[in-house]
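Q: Could you take a close look at one helix in this model and the parts that surround it? I'd like the burial and the packing spelled out, cut-offs included, and then a tour of the other local details.

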Amino acid sequence: MTTLLLFDKIDEPGLYTRAVYERRGGYSALRKAVGMPPAAVIQEISDSGLRGRGGAGFRMGQKASFLPKGDMPKYLTCNADESEPGTFKDREIMQKCPHMLIEGIIIACYGAAINTAFIYIRGEYVLQGDMLEGAIAEAYEAGYLGENILGTGHHLELVLHRGAGAYICGEETGLLDSLEGKRGNPRLKPPFPAVQGLYQGPTLINNVETLATVPAIINMGGKDYAQIGTATSTGTKLVSVSGDVQRPGNYEIELGTPSREIIYDLAGGPPGGHEIKLWFPGGSSSPVLTKDDLDLPYDFDTMAKAGSMLGSGAIIVVDETHRVLDVAIKLAKFYAHESCGKCVPCREGTNWTVKMLRRIESGEATPMDLDLMASVQTLIIGNCLCVLGDAMAMPIGSIVEKFRPELEAEIEAARERAGTGPLTDELAVGVTDSVF
Amino acid sequence: MSATRPPRQPQQTLGAERPTTFAGVAIFADGIKPTPVPRYQHGSRVPGWDDAVDLTKPPATIPDPATTPVPESLRTAIEAAMAKYPDRRSAAIPALHLAQQHHGWCSPEAIVQVACVMRLTPAYLTSVASFYDMFSLRPKPPHDVYVCTNITCSLLGGDEIHERMVELVHDHPDLNVCSFECLGACDIGPMASVDGEYVGPLNLEDCEQIAADLEAGRPVLEHKQLRFRRCADPRSHGDEGQL
């Protein structure tokens, strides 16, 4: 059975207050950390092999070690703009155990010599923001925040910043622009935020779950934490299972657990005994997998090897009762709406993908459009400042690749409905050669 | 094209009567009507893109505090927000939230007041406000019902909930129903955020309840609120009671 590190009795009444959190051993990791030299704290995090839980899976210890040494103002930004469709794990942490996140932030700031930290929470999370605000006030009262924390001479200001509804602000540089009071447009990288980020200062950006794991790592020691999970994906992970399952919700699993166990044993599988048609292993941005991939262990490297990604750990299950075309249109519409418009491949690519998918629905498409759509996706990937465009291109590309027969049948059925005429050989094969 | 291609049927995308268009405006036989097909849902032609601009006026500068009355409570709140950040400009979003709460929407008056306190131009703040979904640059009813119609919720019927909700509150002066992108509560899908309170899983009957609760000023759908929901993972339950 998995040891629960983050979700251990998280439903305990009043855990959001400092009194209950401390009774449960809260802030003991902070006391332990301030007894160590700052470099040793970062070393523990590096030893743990903790990989970022927000989507990219970058090692937190390594990221922290990129921060330049010296006296310049440095910042920590906690990314709580959880807006990847399907993801809702950070919400549960912030609502039920906000002090765990705050403790993680204080330890990380102590280790990296940071004196100003921000939590960028999405504006829609009103309740969670209120919980955090209350918890931050309590932490100031207890002397965990502010001047001279626990007699170490380290000082830290923690500010809660509420966003206003934009998916792109979950992208790290978009988030920084938004935090500086601008439109949330992503920036060109490099320079990476660790070198030049918020207010041009070195900035460490981490996801809520990553930072909330830090107290557990300090408590049990980095090397012991690395024993959990697989060699390259250490520790436990919160997975948000949603869609066509009987018990949707957040589950804490050890990385490397078979995907079938998560979807069927924990979340109950699709209702009515239906078969799974496709599933997104890491939020709606990840390339889709099918029921043949259910036995893969759920960790960063296996998912990457299977052509997808673990992303934010959000599993969306779609069963056989749904049309793959509807899923694709929803996806593409979302990214077209949320594209900030800065880079042409993403702004135009997302919009044209929506139009091409709608053409299938209205009976104006031919199978040639599927090739065109696939080629648009390959032109988006890697050609923009941030990965929002890729986030649409990867799943749409994989849907076109894996469900081509179904989409072709949709095209034919829609042409019949709309009276645009049956597909002749010429239309079906198209004039592909002369166009490309 | 060879002769094997079947004759193309007229498409029915524009309704029975097909208008001629001039400069993007559809002209029907009986006059000018808005194009019935939702076009340009995104990009430069979102509503308001063609709002008249008076080019004879000089561009608006930072408003003069002496001639711009700002409600005292709003001024204090914005100043407190600015004091939290190393750079006052960072408070743009919190300040716009405050102004929207005060005025009901980000009206030109609200924008000018924020600009006056923050020492920024109204144009800058308008550019920020127009970027984010939660700011409204048009008058809007006071109560917001955001119905999630993103992927998980729509698999579970979120679109029908949205349609029903729109039908129910049709032209209601106090309720602002809109479809919203993923609100981060797929476990209670299909769900909605009613004035910031997450409720779900919803069925079609709940829509009436939401409207009734809002009218009566009661807490909305209390038994379905996210704040009282326990974690799905039974292993993580505390030993006693509800949160």
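A: In H8(A), the buried residues are Thr173(A), Gly174(A), Leu175(A), Leu176(A), Asp177(A), Ser178(A) and Leu179(A). Buried here means under 20% relative accessible area, exposed means over 50%, and partly exposed is in between, with a 1.4 Å probe and protein chains only. The helix itself spans residues 172-179 of chain A, and seven of its eight residues are buried, so it's mostly covered. Helices (H or I, at least four residues) and strands (E, at least two) are DSSP runs, numbered from the N terminus.

Before going further, a word on the ground rules: this is a predicted model, where local features need pLDDT of at least 70, side-chain atom pairs count only at pLDDT 80 or more, and totals for chains, interfaces and linings use all residues. Residues are numbered from 1 along each chain as its sequence is written, chains are lettered from A and ligands numbered from 1 in the order in which they are written, and side-chain values use heavy atoms, with hydrogens and water left out.

What does the covering of H8(A)? From chain A, the cover includes strands S1 (75-80), S2 (116-121), S3 (157-162) and S4 (203-207), and chain B adds helix H2 (92-103). Contact, by the way, is heavy atoms within 4.5 Å. Just after H8(A) comes Gly181(A), with a positive phi of about 90°.

Keep following the chain and you're in the loop between H8 and S4 of chain A, which is where Pro191(A) sits. The peptide bond joining Pro190(A) and Pro191(A) is cis, with omega about 5°. Chain B has a cis bond as well, joining Gly189(B) and Pro190(B), with omega about -5°. Pro190(B) is placed in the loop between strand S5 (175-180) and strand S6 (192-194) of chain B.

While we're in chain B, look at the cysteines. Cys182(B) is in no disulfide, and the nearest cysteine sulfur, that of Cys186(B), is 3.7 Å away; a disulfide is a pair of cysteine sulfur atoms within 2.5 Å. Over all chains, the count by this rule comes to zero disulfides. Cys182(B) has a relative accessible area of 4%, so it's buried, and Cys186(B) is buried too, at 3%.

Back in chain A, the loop between helix H7 (126-141) and S3 has a backbone detail to check. Asn148(A) lies in that loop, and its phi is near 45°, a positive value in a residue other than glycine. Leu150(A) is found in the loop between H7 and S3 as well, and has a positive phi of about 50° although it is not a glycine. On accessibility, Asn148(A) counts as partly exposed at 43%, and Leu150(A) is partly exposed with a relative accessible area of 30%.

Now for helix packing. Helix H14 (residues 344-362) and helix H16 (residues 388-402) of chain A pack at an angle of about 30°, with their axes 9 Å apart. Those axes are lines fitted to C-alpha atoms, for helices over the stretch in contact, and angles run from 0 to 180 degrees between N-to-C directions. H14(A) and H16(A) are therefore roughly parallel to each other: angles under 35 degrees get that label, over 145 is roughly antiparallel, 65 to 115 roughly perpendicular, and the rest oblique. On the H14(A) side, Cys346(A), Gly349(A), Thr350(A), Thr353(A) and Leu357(A) meet Leu388(A), Gly389(A), Met392(A) and Ile396(A) of H16(A). That contact divides into five nonpolar, four polar and no charged residues. In this scheme Ala, Val, Leu, Ile, Met, Phe, Trp, Tyr, Cys and Pro are nonpolar, Asp, Glu, Lys and Arg are charged, and the others, Gly among them, are polar.

Ile360(A) lies in H14 too, and at 1% relative accessibility it counts as buried. Ile360(A) and Ile411(A) are 51 residues apart in sequence, yet 5.4 Å apart in space, C-alpha to C-alpha. Leaving aside neighbours within four places in sequence, Ile360(A) is in contact with Leu325(A), Ala365(A), Leu370(A), Met373(A), Glu410(A), Ile411(A) and Ala414(A).

One more pair: helix H3 (residues 38-48) and helix H6 (residues 98-112) of chain A pack at an angle of about 120°, with their axes 7 Å apart. That makes H3(A) oblique to H6(A). Here Pro38(A), Val41(A) and Ile42(A) in H3(A) meet Ile107(A), Tyr110(A), Gly111(A) and Ala112(A) in H6(A), a contact with six nonpolar, one polar and no charged residues.
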